[in-house]
Amino acid sequence: MIRRLRRTPRRIEFFQGTIASNIDIGPVRIFDTTLRDGEQSPRTSFSYDEKRRIAATLDDMNTHVIEAGFPVNSEAEFEAVSDIAAATDTTVCGLARVVEGDIEAALDSGAEMVHTFVSTSDVQLEDSMHATREDAVERAVESVERVKEAGVECMFSPMDATRTDPEFLIEIVEAVSEVGVDWINIPDTCGVAMPTAFGETVAAVDAATDARVDVHTHDDFGMAAANAVTGFENGADQAQVSVNGIGERAGNAAYEEVVMAVESVYGVDTGIDTTQITELARIVEDASDIPVPANKPVTGRNAFAHESGIHAAGVIENADTFETGVMTPEMVGAEREFVLGKHTGTHAVRKHLEEAGFDPTDDQVRTVTKRVKEHGADKQQVTAGDVERFAREADIPETEEAVAR
Ligand code: MN
């Protein structure tokens, strides 16, 4: 049962400022590659059970496509893709090079979509694939034809598209489009694209094909989520993401960042149950052994935490003062937190004291605040136990309900 999120009716108000000219985007689909590119993170390997659990959660959340793996890679990988395809309601995708064995393995796995790719940049054609541009086009066309012959949805990726001769990029896109490819993915394989230039590439590819357009972005310069959103602004229907942004090198666009930007800032309903995002992030954090940084957007433990006096006092009165105003912790299944430390002010201390069952005077709040700030400067963190100790030492009376407990 999906809980639909109520849009805040005050949303428009927040967009009367500098970002009032937000570009409209159409329906948005999310292609999750946590189990494929995400698992290609250095030093990461998911067990069969971890893969099943991640896939089941993504499916339950209504993620549009799950790229479950690279079936030809190993028997275990084939089995995982196959079992996930059978167990989920959503579209499951298997990856394949433009090689017969890969395509057949992906088709045999029962994946509902085959994603086939070939390098198109000269550097990769020469020093990774050892093939010519002509070979690449020929093999891409044959591979797409085979998948379509089998009646399976087909996605084609010109790998390293953003470092490919733009004329050749359009040439190969047109060639696979002629044989009926369903999706063209534009991969920024090495993470070099900047949003404006990437948007132009997406628009050019979109204009050259009847297939739907998808983007695959990497975070080498921290542009992955920005480029995914720019893709949507320029005609892409789908973006490839991974939970916690894990993936090759600096990783992929983060599922949670792209989904929440689209839902909150653009006001587009993806159909995804965003209230499971925080739990999904924890599942992948555990399974991947890659810790989520505290300041990670959306799912970091500081994403909805406030310490400084001005911010905490504002947020206690109205969370919209110092949060986005369009994304709440409830929307992503998280909780807002008021952290006590050296930057704390009296409003947050009063709130903590009252919640702990104390009934302090203004003077007593000031006394405890002073101790919190000193302790915070010294120890970096102040626990609930510290605050209660300070309250008792300041002889603050407990409320009748607290005494009764
Ligand atoms: Mn990638």
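**Exercise 1. Overall build**

Among contacts in the protein chain between residues at least 6 apart in sequence, what percentage join residues at least 24 apart?

*Solution.* Two conventions come before the steps. This is a predicted model in which local features need pLDDT of at least 70 and side-chain atom pairs count only at pLDDT 80 or more, whereas totals for chains, interfaces and linings use all residues. Residues are numbered from 1 along each chain as its sequence is written, and side-chain values use heavy atoms, with hydrogens and water left out.

Step 1. Take a contact as heavy atoms within 4.5 Å; of the contacts between residues at least 6 apart in sequence, 70% join residues at least 24 apart.

Step 2. Count the secondary structure, where helices (H or I, at least four residues) and strands (E, at least two) are DSSP runs numbered from the N terminus; the protein chain has 15 helices and ten strands.

Step 3. Add extent and burial: along the principal axes the C-alpha atoms fill a box of roughly 80 × 45 × 40 Å, and 51% of the 405 residues count as buried, a class that means under 20% relative accessible area, with exposed over 50% and partly exposed in between (1.4 Å probe, protein chains only).

**Exercise 2. Domains and cores**

Determine how the domains of the chain are related to its largest nonpolar core.

*Solution.* Step 1. The domain assignment gives domain 1 (28–288) and domain 2 (305–404), with bounds that come from an automatic or database domain assignment.

Step 2. The centres of domain 1 and domain 2, taken over C-alpha atoms, are 45 Å apart, and their contact takes six residues from domain 1 and seven residues from domain 2.

Step 3. A nonpolar core is a set of buried Ala, Val, Leu, Ile, Met, Phe, Trp, Tyr and Cys residues joined through side-chain atoms within 4.5 Å. The largest one has 81 residues, and those with the most contacts inside it are Phe156, Ile184, Ile186, Tyr255 and Val258. Because domain 1 and domain 2 both give residues to this core, it lies between them.

Step 4. Beyond its neighbours within four places in sequence, Val258 is in contact with Ile30, Ala225, Ala228, Phe232, Val241 and Ala253. A second, separate core of 17 residues includes Ala312, Val315, Val368 and Val382.

Step 5. Ala312 and Val315 return among the buried residues of helix H11 (residues 309–317), which are Ala312, Ala313, Gly314 and Val315; the buried residues of H11 pack against S9, strand S10 (337–338) and helix H12 (346–355).

**Exercise 3. The manganese site**

Which residues are the protein donors of the manganese ion, and what spacing do the donors follow along the chain?

*Solution.* Step 1. Donors are N, O and S atoms within 2.8 Å of the metal (3.2 Å for Na, K and Ca), and sites may look incomplete because water is not among the atoms.

Step 2. The protein donors are Asp37 (OD), His216 (NE2) and His218 (NE2), at 2.0 to 2.2 Å from the ion, and they follow the spacing D-x178-H-x1-H.

Step 3. Asp37 lies in the loop between strand S1 (29–32) and helix H1 (48–60) and His216 in strand S7 (residues 212–217), so the pair ties together parts that are 179 residues apart in sequence. Both Asp37 and His216 are buried.

**Exercise 4. Cysteines**

How many disulfides does a search of the whole structure find?

*Solution.* Step 1. With a disulfide taken as a pair of cysteine sulfur atoms within 2.5 Å, the search finds zero.

Step 2. Cys93 is in no disulfide, and the nearest cysteine sulfur, that of Cys154, is 9.0 Å away. Cys93 is buried at 0% relative accessibility, and Cys154 is buried with a relative accessible area of 0%.

**Exercise 5. Positive phi and a lysine**

Describe the settings of Arg43, Val298 and Lys373.

*Solution.* Step 1. Most residues other than glycine have a negative phi. Arg43, however, has a phi near 65 degrees; Arg43 is found in the loop between S1 and H1 and is exposed, with a relative accessible area of 82%.

Step 2. Val298 has a positive phi of about 70 degrees; Val298 is found in the loop between helix H10 (277–288) and strand S9 (305–306) and is buried, with a relative accessible area of 7%.

Step 3. Lys373 is in helix H13 (residues 362–379) and is partly exposed, at a relative accessible area of 35%. Not counting residues up to four places away in sequence, Lys373 touches Gly341, Lys342, His343 and Thr344, and a polar atom of the Lys373 side chain lies 2.9 Å from the backbone oxygen of Thr344.

Key: Polar contact = N/O pair within 3.5 Å; in protein donor to acceptor, adjacent residues only side chain to side chain.
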